[in-house]
Amino acid sequence: MSDRLTRRDLARLLGVGLLAGPLGAATRGGGDARAGTVGIAPLAADELGQVAASGALIAVSAAIAAATGAASGEAAAARLFSAGDTVGIKLSCLAGRPLSPRREVVEALVRLITAAGVPAGRIIVFERSSRELQRAGLPLRRSGGPYLCYGIDNDYDPLPSDSGAIGSCFARLVSTHCTALVSVGVVKDHDLAGVSAGLKNWYGVIHNPNKYHDNNCDPYVADVVNHPFIRGKLKLTLLDGVTAQYHGGPAFRARYAFPLHRVVASMDPVAVDAWAWRVLDSERRQHGLPSLAEAKRPPRFIATAAKYGLGVGDPSRIREVMA
Amino acid sequence: MSEGLTRRRLVVLGAAGVASLAGPRGLAARSELEVGKPVSPDALPAREASWYKRLPERRVECQLCPRGCQVADAERGSCGVRENRGGTYYTLVYGLACTVHVDPIEKKPFFHVLPGKTALSYATAGCNVECKFCQNWEISQFRPEQVRSWWMPPKALVNLAQRLGTPLTAATYSEPVVFWEYVRDAAHAARSAGLRPTVVSNGYIQEKPLRDVLPLLTAYKVDLKSFRERFYKELVRGELKPVLKTLEVARAAGAWVEIVVLIVPTWNDSEAEARDLARWVKTNLGPDVPVHLTRFHPTYRLTDLPPTPVTKLERLWQVVRSEGLHFVYLGNVPGHPGENTVCPGCGATVIKRLGYRILDNRLKGDRCPDCNRKIPGVWS
């Protein structure tokens, strides 16, 4: 019993502290000069969809620099992360290797975080399960190497924590271990949510995402990200948009995939999803498909996330900065 | 608190017990799986679901529960235990028991089914609703790969029941609707072995799968969580209407039905609601269907409420009885007279209980020993 009370109290205190503190304020959309800013860099793939590590590093550096207004990727990373951080990088690997963040893109990000002084043992690339990481081509590693890489694999908090309409056990990586978080997603259509990019990626850190797919995942996606475990720590969203998918998601469907050849970064997690929505709708129009709203799956959670103050959801206020 | 911990411990111990009892000599339905042994989260046995239809673009529509999830490739339904793989829908929990335990049948609770007998009770992970007061959330609200489970296909389950001498089986604890194929085949195997299969459910199921399994069941208990849609919407993430339909179908099909209503303070504890519920039961199911009013204890996501005051339960007990229902019980109040079965004809106590124990069973066959009135139920 005492354990329950302590954890709950701790979560509440943590939430209040983060919301009231400077860390929370720094990453919000409203008063932040970078709110609504999306940094975009080109990254081409060969005919097999593969990218060179050197090209990925250039693109990721440029996108993050553009997103943050820093002079370089290293300078941007130094603004976002400090040597004392434990950085969790959440990947979106449900679709398997063809439509998951590429290892080269992830490792480019890791290099920048390392350059900011974060030790290799405190950079954790993770997904819901180790199996998904393996399938996406990431090397599993719980010690050694330039970064750690493993699945949550059922390591959740023992008790659920509420945020708006959701009540979930969060991965302990997110609730307890990490002090800074990055969402690394892709640009793809989702059968129910409309868009699966940076925000929905966080469904992978709760134990019961299957409960929250009705009403186009609204307000649930926003509720997950609004939880202090994430809201208070989320520093960056990075999308591997080398290959994107405008229909038939969230699984990979080759016939609906298209070469976008972009890496996209933002300190504003809502703006980057609004950008992805715009890109997907544009591509859908080109293929004669109805917009996501007309297909009855508008990503409503974007507006809800904006309403929560997580960032800018109004597409007309998204500022694209091309690197 | 103690209940939560006890329950978890019980689940673990129960399953461990099964593992040791079943042993490697049990039935091995699949070469890679061994009866009674843990199943790796990375190797869940997938079996094509029985109630779904294929949709364009590799999507499927589940036809098991009223939610009717339309599920894209690589996604799961709301229950978390059914997955679309390339346009074919699979159950990931067939034969995958996360708990197996021997319980008194009174614990289900069935008060009119073989009093004093035991039921081999089993469950898998998953549920199709999300009650904020779920006592078994540590298995019901998780996916199968998140819960330790053991390979226990239907025949192995029945073999175990026979070895343990339990005349009944019970699909229970989490939500049997989500492992309905397993329930169906286990019930069939139990029948064939001369056992009595029962189900303890939320009743949130479509009519076709319900009718497919009902004839196999000895008894069917439904948690009627409230008589108000608001309660179902806000605390359960489900709907009332389909549950009422389930009760009507089950009763009309001749299944022995008992109803449990958990009384949650401030949510479903009004006399008006109790009266509406009692009237509906009497009109649509008849006065002989037992109704158990049980005491809430704070748990899961509803920890800011106190346990239901016993005086409140007693008042509702009076209200429901006053509407003409013959068998109204109080639950989670051990030693209360509301646990006893009283003859509606002469008022004599025919079965006296203390918690899950039978202190005295005076039934003569299926009749009151004092006035010879028939007491409905499954008594032999």
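Contact means that heavy atoms lie within 4.5 Å of each other. The exercises below use a predicted model, in which local features need pLDDT of at least 70, side-chain atom pairs count only at pLDDT 80 or more, and totals for chains, interfaces and linings use all residues. Residues are numbered from 1 along each chain as its sequence is written, chains are lettered from A and ligands numbered from 1 in the order in which they are written, and side-chain values use heavy atoms, with hydrogens and water left out.

**Exercise 1.** Describe the surroundings of A:His213, beginning with its place in the chain.

*Solution.* Step one is to find the residue, which sits in the loop between β8 (194-196) and α8 (220-226) of chain A; helices (H or I, at least four residues) and strands (E, at least two) are DSSP runs, numbered from the N terminus. Step two concerns accessibility, where buried means under 20% relative accessible area, exposed over 50%, and partly exposed in between (1.4 Å probe, protein chains only). A:His213 counts as buried because its relative accessibility is 16%. Step three lists the residues in contact with A:His213: leaving aside residues up to four places away in sequence, these are A:His190, A:Leu192, A:Lys200, A:Tyr203 and B:Glu75. Step four looks at a polar contact, a pair of N or O atoms within 3.5 Å (within protein, one must be able to donate a hydrogen and the other to accept it, and residues adjacent in sequence count only if both atoms are side-chain atoms). Such a contact, 3.5 Å in length, joins the side chains of A:His213 and A:Lys200, while the backbone oxygen of A:Pro209 is reached by the A:His213 side chain at 2.9 Å.

**Exercise 2.** Which parts of chain A does the salt bridge between A:Asp189 and A:Arg284 tie together?

*Solution.* A salt bridge is a side-chain nitrogen of Lys or Arg within 4 Å of a carboxyl oxygen of Asp or Glu. In this pair, the closest N and O atoms of A:Asp189 and A:Arg284 are 3.8 Å apart. A:Asp189 lies in strand β7 (residues 180-190) and A:Arg284 in helix α10 (residues 269-286), so the pair ties together parts of chain A that are 95 residues apart in sequence. Both A:Asp189 and A:Arg284 are buried.

**Exercise 3.** How many residues apart are B:Arg211 and B:Glu207?

*Solution.* The side chains of B:Arg211 and B:Glu207 form a salt bridge of 2.8 Å, N to O. Because they are 4 residues apart in helix α5 (residues 207-213) of chain B, about one helical turn separates B:Arg211 from B:Glu207. B:Arg211 is partly exposed, with a relative accessible area of 43%, and B:Glu207 is partly exposed at 32% relative accessibility.
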